[in-house]
Amino acid sequence: MKMSGEDNSMIKETFFITHGNPILTVEDTHPLRPFFETWREKIFTMKPKAILVISGHWETDHPAVNAVHINDTIYDFDDYPQAMYKLKYPAPGSPDLASRVEEIMKKSGFDTVHIDKKRGLDHGAWVPLMYMYPEADIPVCQLSVQPKLDGTYHYNLGRALAPLRDEGVLIIGSGSATHPLDETPHYHGGVAPWAADFDSWLDVALTKGRFEEVNTYETKAPNWELAHPFPEHFYPLHVVVGAAGEKWKAELIHTSWDHGTLCHGSYKFTST
């Protein structure tokens, strides 16, 4: 069943955000806090009918979307301050949106789409949303990534989701512009050269509209093995690029760094 919507509910934008370390929930000086807190003022002023978040923290073999009435807050992190485990983001879910996601994806050739009637929101979703939409009054569904597949697959997954924008659904990919291994040495003199090179390549590829390069980053991107040794935090980007439609313009809307290796690069994609 198609979600109800009028012309003034159409959304032209999709977004890729770096959700960062969840410690930002108790660190007021974390560089991502002001970015998320001023989201509605500076980045996206429209109130969407619903939000679909593609999170790098939900990995499945086939696409899965959650369909619950109220989202549980998943604490998918260990050994953090106890105050963080008391935080709640009880946003409503949307079984209707979950069914719509399943419907349009199957029409686009994704034969297996799972509806998960138990899962809530992992920290890739609820941590940024807690500051972006603190009232928790907008229905939120979450969609998984398939790390065993490639960038082009996730781009095509996004293309299938594009009609949701016309129905007032805000599509957000939540991952990381770079996501090195925990044991990757921190760089205390600014930004690690390998990370700066990857970040520069990504920015040029996106702002110049060269999505084919991003889809095949393993053959195009410098230092990709260090930047994304595992692809789950990169694939949300591919999804939202696809969901932006055939013609789009990319804009860098935030950049900052953690330990000189974790890039908080975030982008807006506007259909033209």
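Helices here are runs of at least four residues that DSSP marks H or I, numbered from the N terminus. With that in hand, let us walk through this predicted model, starting with one of its helices.

**Helix 6 and its two faces**

Helix 6 covers residues 193-207, which makes 15 residues. From the first C-alpha to the last, helix 6 reaches 21 Å, close to the 21 Å expected at 1.5 Å a residue. Which residues of helix 6 are buried? They are W194, A195, F198, D199, W201, L202, A205 and L206. These residues cover an arc of only 160° around the axis, so they sit on the same side of helix 6. A general rule helps here: an α-helix has 3.6 residues a turn, so residues three or four places apart point the same way.

D203 also belongs to helix 6. Is D203 buried, partly exposed or exposed? Its relative accessibility is 25%, and because partly exposed covers the range from 20% to 50%, D203 counts as partly exposed. You can also look from D203 to Y217: the two are 14 residues apart in sequence, and their C-alpha atoms are 13 Å apart in space. Just after helix 6 comes G209, which takes a positive phi of about 75°.

**Positive phi away from glycine**

Two residues other than glycine have a positive phi as well, and the table sets them side by side.

| Residue | Phi | Loop | Relative accessibility |
|---|---|---|---|
| D79 | near 60° | between strand 3 (64-66) and helix 3 (95-107) | 80%, exposed |
| A136 | about 55° | between helix 4 and strand 5 (140-145) | 12%, buried |

Both sit in loops, D79 in the one between strand 3 and helix 3 and A136 in the one between helix 4 and strand 5. D79 counts as exposed because its relative accessibility is 80%, while A136, at 12%, is buried.

**Aromatic rings**

A pair of aromatic rings is described by the distance of the centres and the angle of the planes. Searching the whole structure gives 18 aromatic pairs. In one of them, F15 and W39 meet edge-to-face, with 4.8 Å from centre to centre and 65° between the planes. F15 lies in strand 1 (residues 13-18) and W39 in helix 2 (residues 39-43), so this pair ties together parts that are 24 residues apart in sequence. Both F15 and W39 are buried. They also belong to one aromatic cluster, together with F35, F36 and F44.

**Empty space**

Rolling a probe the size of a water molecule over the atoms shows where empty space is left. How many cavities of 30 Å³ or more are there? The count comes to 1, and the largest cavity has a volume of about 30 Å³. Its lining is made of I17, V53, G124, A125, P128, L129, M132, I172 and S174. Helix 4 (123-132) and strand 6 (169-175) are the elements that give two or more residues to this lining, and the largest share, 5 residues, comes from helix 4. By class, the lining of the cavity has 7 nonpolar residues, 2 polar ones and no charged ones.

The largest pocket holds about 650 Å³ of space. It is lined by 25 residues, and those nearest its centre are N21, H179, P180, D182 and L262. The lining of the largest pocket divides into 8 nonpolar, 13 polar and 4 charged residues.

How values were computed
Residues numbered from 1 in each chain as written. Predicted model: local features only at pLDDT ≥ 70, side-chain atom pairs only at ≥ 80, totals over all residues. Heavy atoms only, no water. Expected span 1.5 Å × (residues − 1). Buried < 20%, exposed > 50% of the residue type's maximum accessible area, 1.4 Å probe, protein only. Arc of directions from axis to C-beta. 1 Å grid on protein atoms, 1.4 Å probe; cavity = no way out; pocket = protein on both sides within 12 Å on 5 of 7 lines; lining within 4 Å. Points joined across faces, edges and corners; volume = space filled by probe spheres on them. Nonpolar A, V, L, I, M, F, W, Y, C, P; charged D, E, K, R; others polar. Phe/Tyr/Trp six-rings, centres within 6.5 Å; stacked < 30°, edge-to-face > 60°.
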